[in-house]
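Welcome! Take a moment to turn the structure around on your screen before reading on.

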Amino acid sequence: MNTKYVMILFYDIPSEESKQYQKFRKYIISIGFVQIQESVYFKNIKNKMNIKKINRELNIIAPNNSNIRSFYISTDKFDKINIISGELSLNEKIISQKHNILDF
């Protein structure tokens, strides 16, 4: 069985760190993270080694005084997330369509 994962990243960066915030945000987007809510991003990951690599990279680029967390779950579990209020974001809709087409 070839399990694939979704890495979820969420953060708070103080407003006085705005330049570092912009640099951090641009970086996570450049490596494939997609925003699903304010300061909450996710990325499809092929294996746990890639998760460790990304965490090391994020540790290096993390702004001072920031509060950043990451975790991962299988794509099967991610697809079972319940929406309590609101609806899928545009990014979630796009990614959901890609799930059916692409082998990520």
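Here is a short tour, from the overall layout to a few side-chain partnerships.

Please keep in mind that this is a predicted model. The protein has four helices and four strands, and a set of aromatic rings plus a salt bridge give us good places to look.

**Overall layout**

- Starting at the N terminus, the elements follow the order β-α-β-β-α-β-α-α.
- The protein has 104 residues, and 30% of them are buried.
- Among contacts with a separation of 6 or more, 76% are between residues 24 or more positions apart.
- About 7400 Å² of the protein is exposed, with carbon and sulfur atoms supplying 49% of that area.

**Aromatic rings**

- A search of the whole structure turns up six aromatic pairs.
- One of them joins Tyr11 and Phe24: the ring centres are 5.2 Å apart and the planes meet at 80°, so this pair is edge-to-face, a label that calls for an angle over 60 degrees.
- Tyr11 sits in strand E1 (residues 5-12) and Phe24 in helix H1 (residues 18-30), so their pairing ties together parts that are 13 residues apart in sequence.
- Are these two residues buried or exposed? Tyr11 is buried because its relative accessibility is 3%, and Phe24 is buried too, at 0%, since the cut-off for buried is under 20%.
- Tyr11 also pairs with Tyr41: here the centres are 5.9 Å apart and the planes are at 20°, so the rings count as stacked, which requires an angle under 30 degrees.
- This second pair links distant parts of the chain, with Tyr11 in strand E1 and Tyr41 in strand E3 (residues 40-45), 30 residues apart.
- Tyr41 is buried as well, with a relative accessible area of 1%.
- Which residues make up the aromatic cluster? Tyr11, Tyr21, Phe24 and Tyr41 form one cluster together.

**The salt bridge**

- How many salt bridges are there? The count comes to one.
- Its partners are the side chains of Lys53 and Glu57, which meet at 3.5 Å, N to O; this counts because the distance is within 4 Å.
- Both Lys53 and Glu57 belong to helix H2 (residues 48-61), where they are four residues apart, about one turn of the helix.
- Lys53 is partly exposed, with 44% relative accessibility.
- Glu57 is also partly exposed, at 24%; both values fall in between the 20% and 50% cut-offs, so neither residue is called buried or exposed.

Notes
Residues are numbered from 1 along each chain as its sequence is written. This is a predicted model: local features need pLDDT of at least 70, side-chain atom pairs count only at pLDDT 80 or more; totals for chains, interfaces and linings use all residues. Side-chain values use heavy atoms; hydrogens and water are left out. Helices (H or I, at least four residues) and strands (E, at least two) are DSSP runs, numbered from the N terminus. Buried means under 20% relative accessible area, exposed over 50%, partly exposed in between (1.4 Å probe, protein chains only). Contact means heavy atoms within 4.5 Å. Accessible areas come from the Shrake-Rupley method with a 1.4 Å probe; for residues, only the protein chains shown count as cover. Rings of Phe, Tyr and Trp (its six-membered ring) pair if their centres lie within 6.5 Å; planes under 30 degrees apart count as stacked, over 60 as edge-to-face and the rest as tilted.
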